[in-house]
Structure formats: structure tokens, C-alpha cells
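This report introduces the arrangement of strands and helices in one protein chain. Please keep the sequence and the structure in view while reading.

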Amino acid sequence: MKSINWHNVRLVLILLVMVFLYSFSSNRNKKRPINEVTVSFAAGQDNLFITHEMVNNLLKQNFGSLSNIAKVKVDLNSVEAILDNHEMIEKAEVFSSIDGSLSAHIIQKTPTVRFLSNNTSYYLDSKGDKMPLSENFSARVPLVVGSFFDVNKEGYVELFNKIEKDDFLKKDITGVKILPSGSVILTNRNYNYKIVFGNPVQIDKKLRNYKAFYQHAIKDTLLKEYKEVNLMFTEQVVCKK
């Protein structure tokens, strides 16, 4: 008769106990009621276009009070979907913790420009989607007049994003005019010259040319004399006094 391997028996018993304890604690955790809802924002985005109170009110409108509801009854995916659909929110992450709190981490949309069109005004975000203006915060972004069609939207959105992400251009460029031909005229903060950008093609090269021109011209104090800076010829910058 084969002898019993008590070492293996002990291992099996320990494994069963661990599975039982895990199952017990997991089931108990699911039944634990939500005792707190906390809202946090991505770094630098606290209380901009949307506030903690607005997020809490949005959750209450769609789910009622989440406090004292068992965690197992809260569909985290549904909560995330409601937040993601908000016109000011780019992405939301919702999770619950062992202590019974429900946390929502919010990444707000980033406006790149502000359109003025037909007596209406709205932002355009980094993906080219419309954002309404906010009563809580006004973004310092270039004002855009004119319009473009969706078929050639990509180039304009790329140009807006390049300006927004560049420290110098973000401070320097204050306005964008889109002509019926599709050509772009830029205005700057400190001088009276207009920047003839042309169609939104070869964007990186044109912007590099402008920045190089600016750094050179400001040393010679010539910027006040110019009326037009033309970037359409990508091999050179043509200026008019």
C-alpha cells in the first residue's frame, strides 16, 4: 500500500484555504457599500472647464446617490461611459477601492482655438471636435474667423495643435483667419505684421521658418517695420515693409 505524502496533502489544504479566504473576502468586498465618491483631475486641470461639483451632480443625475449602494451593484463601465460622453471630458477612469470609496479620475479636453462664427462661439479641441464655452474658465487660445470643410479639416487641426503645443507660438499667435480660398493668415501678439501662412501644408517647416525669422529679426529691432511676413515660400521668408 502506497504511503500518503503528507507534504502534498498540506499543500493542497493550504491552497484550498487560500481559495476559500479569497472567495470569502472578495464576496464580502463586493457587498461593502460605497461610503464616499471622490473626484480628481489630471495634473494642472483642477477646476478648469468642469468642477468637482459638476462631476458629482452628473453622477447623481444619472445614478442617484451612489452612497450606501453595494459595490457589486455599481457598473463602473456605465459610470465611465456617462463621464466620457460629457462635452468637456476627454477620458474618465472610474474605480472602487477596498475601503468602499468610488474614485473618478478626469482628463479634460484641451482647447486649441476659439472659433467665432455666425454670432456663435466655441472651442475646438485637440481632436478637432467642438467644445462649448465654459462659465468656469476662459482659455487663452487664438481666435479663429472663417471656416473650413470636414474634407480638409485635418491640416487645420494639425496647425492649431502645433501652435498650442509650442511654448513660443502659443504666446505669440493670437488670431487665425481662414480665407475662402483655404489660405491662412495669422496675427501675433506684439507686432502689427500679418503672417501669410498659406494652406495648411508643410506645417512644421513653415513654423520653423517663422521662429527662425523672429529670433533673427528681433535682434535687429526690425519687427516693428514689417507689415507682412510671408511663409508660403518654404525655402525662405519674404517680408514686406
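In this predicted model, nine strands make up an open sheet of mixed pairing, and their order across it is β6-β5-β4-β7-β8-β9-β10-β11-β12. Because β6 and β12 (238-240) each have a single partner strand, they stand at the edges, and one side of each is left without a neighbour in the sheet.

Three of the strand pairings are set out below.

| Strands | Sense | Bridges | One facing pair |
|---|---|---|---|
| β4 (residues 111-117) and β5 (residues 120-125) | antiparallel | six | Leu116 and Ser121 |
| β5 and β6 (residues 130-131) | antiparallel | two | Tyr123 and Met131 |
| β10 (residues 194-198) and β11 (residues 228-230) | parallel | three | Val196 and Asn230 |

The hairpin of β4 and β5 has two residues between its strands, and Asn118 takes a positive phi near 50° there, while in the hairpin of β5 and β6, with four residues between the strands, Gly128 takes a positive phi near 90°.

Two helices are described in relation to these strands. Helix α4 (residues 153-165) lies across β4, β5, β7 (143-145), β8 (173-178), β9 (184-188) and β10, and runs at about 125° to β4. Helix α6 (residues 203-219) packs on the sheet, where it touches β8, β9, β10, β11 and β12, and its direction makes about 155° with that of β10.

Helix α3 (residues 76-84) has Val79, Glu80 and Leu83 among its residues, and these three are buried. Seen down the axis of α3, the buried residues fall within an arc of 100°, so they line one face of the helix. Their packing partners are α2 (52-63), β2 (89-96) and β3 (101-108).

Methods
Residues numbered from 1 in each chain as written. Predicted model: local features only at pLDDT ≥ 70, side-chain atom pairs only at ≥ 80, totals over all residues. Heavy atoms only, no water. Pairing = 2+ DSSP bridges. Buried < 20%, exposed > 50% of the residue type's maximum accessible area, 1.4 Å probe, protein only. Arc of directions from axis to C-beta. Contact = heavy atoms within 4.5 Å. Axes fitted to C-alpha atoms, helices over the stretch in contact; angles between N-to-C directions.
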